[in-house]
Amino acid sequence: MQRPLPLPEPFSGEANSNWDEWLVHFENCAAVNSWESDEEKLKWIRVRLTGKAQTALQRFPADAHSKYSKCVAALRRRFHPDSKRDLHMMELSVRKRLKEEDWVSFGDALRTLADKSYPDLEEKARERLALNQFLSQIDNPQVAFSVRQRHPQTVDEAASATIELLLNLSTMPFP
């Protein structure tokens with residue numbers, strides 16, 4: 001019995017679609033399906049593009065249709081241009097936790113923004129940028145001081161410490 005091929009979801013290029021996330025998913029599917037050659041990946045990427053992404057591909061110069069790496073580079077320039085990095089950097093620097101947002105989700109959002117803002121930096125440096133923004137947004141001075149005293153190395157460590165300290169404060173009896 002032949003197993004079904006896991007196919008990447010189609011990529012439309014719409015505003016709510018994320019090129020980088022989609023490409024990681026596509027590459028994972030390529031590995032599972034043993035699409036080892038660039039020719040095979042190129043065939044599959046062509047059929048998984050729809051809407052604006054398909055239209056953009058058709059408008060690319062012929063060399064972007066001949067090699068997988070050139071096709072991916074052209075699609076990246078179109079759907080994740082470097083100009084968006086400046087926007088992500090600004091968003092990271094001003095990002096505050098939303099009222100309905102939990103600390104873990106806030107940390108995840110900061111990490112995503114750091115990844116989009118500085119894709120060329122090492123992961124540890126991007127984590128530190130997200131961590132610094134996370135720490136700057138703890139509005140309770142007592143909690144902020146206590147979290148910093150623990151010297152968290154990751155956003156997850158800071159989020160766990162923040163949640164723990166806030167929980168302790170909320171259950172502490174007041175005289």
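## Exercises: rings, cores and a pocket

Leaving aside neighbours within four places in sequence, I45 touches W19, W22, F26, Y68, C71, V72 and L75. The model is a predicted one. The exercises start from I45.

**Exercise 1. Place I45 in its core.** Which residues have the most contacts inside the largest nonpolar core, and which elements supply it?

*Solution.*
- Step 1. The largest nonpolar core holds 21 residues. W19, I45 and L75 have the most contacts inside it.
- Step 2. The elements giving two or more residues to this core are α1, α2 (38-48), α3 (51-59) and α5.
- Step 3. Of these, α5 gives the most, with six residues.
- Step 4. Another core lies apart from this one. That other core has 20 residues, including L92, L110, A130 and A158.
- Background: nonpolar side chains in soluble globular proteins tend to be buried together.

**Exercise 2. Classify two ring pairs.** Are F26 and Y68 stacked or edge-to-face? What are the values for F106 and F134?

*Solution.*
- Step 1. The whole structure contains 11 aromatic pairs.
- Step 2. For F26 and Y68, the centres are 6.2 Å apart and the planes make 25°. Planes under 30 degrees apart count as stacked, so this pair is stacked.
- Step 3. F26 belongs to helix α1 (residues 19-32) and Y68 to helix α5 (residues 68-79), so the pair ties together parts 42 residues apart in sequence.
- Step 4. F26 and Y68 are both buried.
- Step 5. For F106 and F134, the centres are 5.7 Å apart and the planes are at 35°, so the pair is tilted.
- Step 6. F106 sits in helix α7 (residues 103-117) and F134 in helix α8 (residues 123-136), so this pair joins parts 28 residues apart in sequence.
- Step 7. Both F106 and F134 are buried.

**Exercise 3. Extend the ring network.** Which residues do ring pairs link into a cluster? Where does R97 lie?

*Solution.*
- Step 1. Ring pairs link F11, W19, W22, F26, W35, W44, Y68 and F79.
- Step 2. W19, W22, F26 and Y68 are among the members of this cluster. I45 is in contact with W19, W22, F26 and Y68.
- Step 3. R97 lies over the face of W103, 4.0 Å from the ring centre.

**Exercise 4. Describe the largest pocket.** How much space does the largest pocket hold, and which residues lie nearest its centre?

*Solution.*
- Step 1. The largest pocket holds about 260 Å³ of space.
- Step 2. Its lining has 16 residues. A15, S17, N18, F79 and K84 lie nearest the centre.
- Step 3. α5 and α6 (83-94) each supply at least two lining residues.
- Step 4. F79 also belongs to the ring cluster.

Terms used
Residues numbered from 1 in each chain as written. Predicted model: local features only at pLDDT ≥ 70, side-chain atom pairs only at ≥ 80, totals over all residues. Heavy atoms only, no water. Phe/Tyr/Trp six-rings, centres within 6.5 Å; stacked < 30°, edge-to-face > 60°. Helix = DSSP H or I, 4+ residues; strand = E, 2+ residues; numbered from the N terminus. Buried < 20%, exposed > 50% of the residue type's maximum accessible area, 1.4 Å probe, protein only. Lys NZ or Arg CZ within 6 Å of the ring centre and 35° of its normal. Core = buried A, V, L, I, M, F, W, Y, C linked by side-chain atoms within 4.5 Å. Contact = heavy atoms within 4.5 Å. 1 Å grid on protein atoms, 1.4 Å probe; cavity = no way out; pocket = protein on both sides within 12 Å on 5 of 7 lines; lining within 4 Å. Points joined across faces, edges and corners; volume = space filled by probe spheres on them.
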